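Visitor: Could you walk me through this one while I have it open on my screen?
Guide: Gladly; ask about whatever catches your eye.

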Amino acid sequence: MAGNGDSGDDDGRIVLDLVDAAAFAGMAGDAGALVLTGQGVLDDAAAAPARAGWQDVIALRATLSPFGHGVACVCCVPSGGFTSALSDLFRARVTGQRPWFDRVVIVMPAEQLDEVRREVTGHRVVAARYRPGPGA
């Protein structure tokens, strides 16, 4: 699986990469990978060409924030938004409700990557199913 974010130490978990929108725009599509992002993160024209070639691009809906945060704000996505989404994706994968995937790329604004990283790596169930890739 070289070239798709896999660091070569396959332990049976799904590869999980975290990147910002600029890095994602330069990535080649991977038909075995899903892209998970905050709503509105990939709406600009510069990121649009990078959306091609991926199995699916899924945008999490953000709740309206009284604080004026961006649409992809981790604190404005429903509690556990990324961990819940990753759990749901895994369940859909193993029950055949979604085509098999071996990688998930989370795309967030650069200033939010650390928050998302803490959310997904600190969740025991998600950490048991997904392993950090080189971009995480």
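**Charged pairs, a lone arginine and the cores**

Guide: In this predicted model, aspartate 88 and arginine 91 sit three residues apart in helix H2, so they are separated by about one helical turn. Their side chains form a salt bridge, with the closest N and O atoms 2.9 Å apart.

Visitor: Is aspartate 88 buried or exposed?
Guide: Aspartate 88 is partly exposed, with a relative accessible area of 43%, and arginine 91 also counts as partly exposed, at 46% relative accessibility.

Visitor: How many salt bridges does the count come to?
Guide: The count comes to seven salt bridges. One of them joins the side chains of arginine 98 and aspartate 56, at 3.2 Å from N to O, and this pair links distant parts of the chain, since arginine 98 lies in the loop between H2 and E4 while aspartate 56 belongs to strand E3, 42 residues apart.

Visitor: And which residues are linked in a network of salt bridges?
Guide: Asp11, Arg13 and Arg131 are linked in such a network; within it, the side chains of aspartate 11 and arginine 13 meet at 2.9 Å, N to O. Aspartate 11 is partly exposed at 43% relative accessibility, and arginine 13 is partly exposed at 27%.

Visitor: Back to H2 for a moment: what is the nearest side chain of opposite charge to arginine 93?
Guide: That is aspartate 102, at 7.1 Å, and arginine 93 is buried yet has no salt bridge. A polar atom of the arginine 93 side chain does, however, lie 2.8 Å from the backbone oxygen of phenylalanine 101. Not counting residues up to four places away in sequence, arginine 93 touches Ile14, Arg98, Trp100 and Phe101.

Visitor: Changing topic, how many residues does the largest nonpolar core have?
Guide: The largest nonpolar core has 20 residues, and those with the most contacts inside it include Leu16, Leu36, Phe82 and Leu86. Strands E1, E2 and E4 and helices H2 and H3 each supply at least two residues of this core, with H2 giving the most, five residues.

Visitor: What is leucine 86 in contact with, leaving aside its neighbours within four places in sequence?
Guide: Leucine 86 is in contact with Leu16, Leu36, Val104, Ile106, Val120, Val126 and Tyr130. There is also a second, separate core of ten residues, which includes Leu42, Trp54, Val57 and Val105.

Visitor: Last one: where is arginine 129 found?
Guide: Arginine 129 is found in helix H4, residues 124–129, and its C-alpha atom is separated by 8.9 Å from that of valine 15, 114 residues apart along the chain.

Methods
Residues are numbered from 1 along each chain as its sequence is written. This is a predicted model: local features need pLDDT of at least 70, side-chain atom pairs count only at pLDDT 80 or more; totals for chains, interfaces and linings use all residues. Side-chain values use heavy atoms; hydrogens and water are left out. Helices (H or I, at least four residues) and strands (E, at least two) are DSSP runs, numbered from the N terminus. Buried means under 20% relative accessible area, exposed over 50%, partly exposed in between (1.4 Å probe, protein chains only). Lys and Arg count as positive and Asp and Glu as negative; His and the chain ends are not counted. A salt bridge is a side-chain nitrogen of Lys or Arg within 4 Å of a carboxyl oxygen of Asp or Glu. A polar contact is a pair of N or O atoms within 3.5 Å; within protein, one must be able to donate a hydrogen and the other to accept it, and residues adjacent in sequence count only if both atoms are side-chain atoms. Contact means heavy atoms within 4.5 Å. A nonpolar core is a set of buried Ala, Val, Leu, Ile, Met, Phe, Trp, Tyr and Cys residues joined through side-chain atoms within 4.5 Å.
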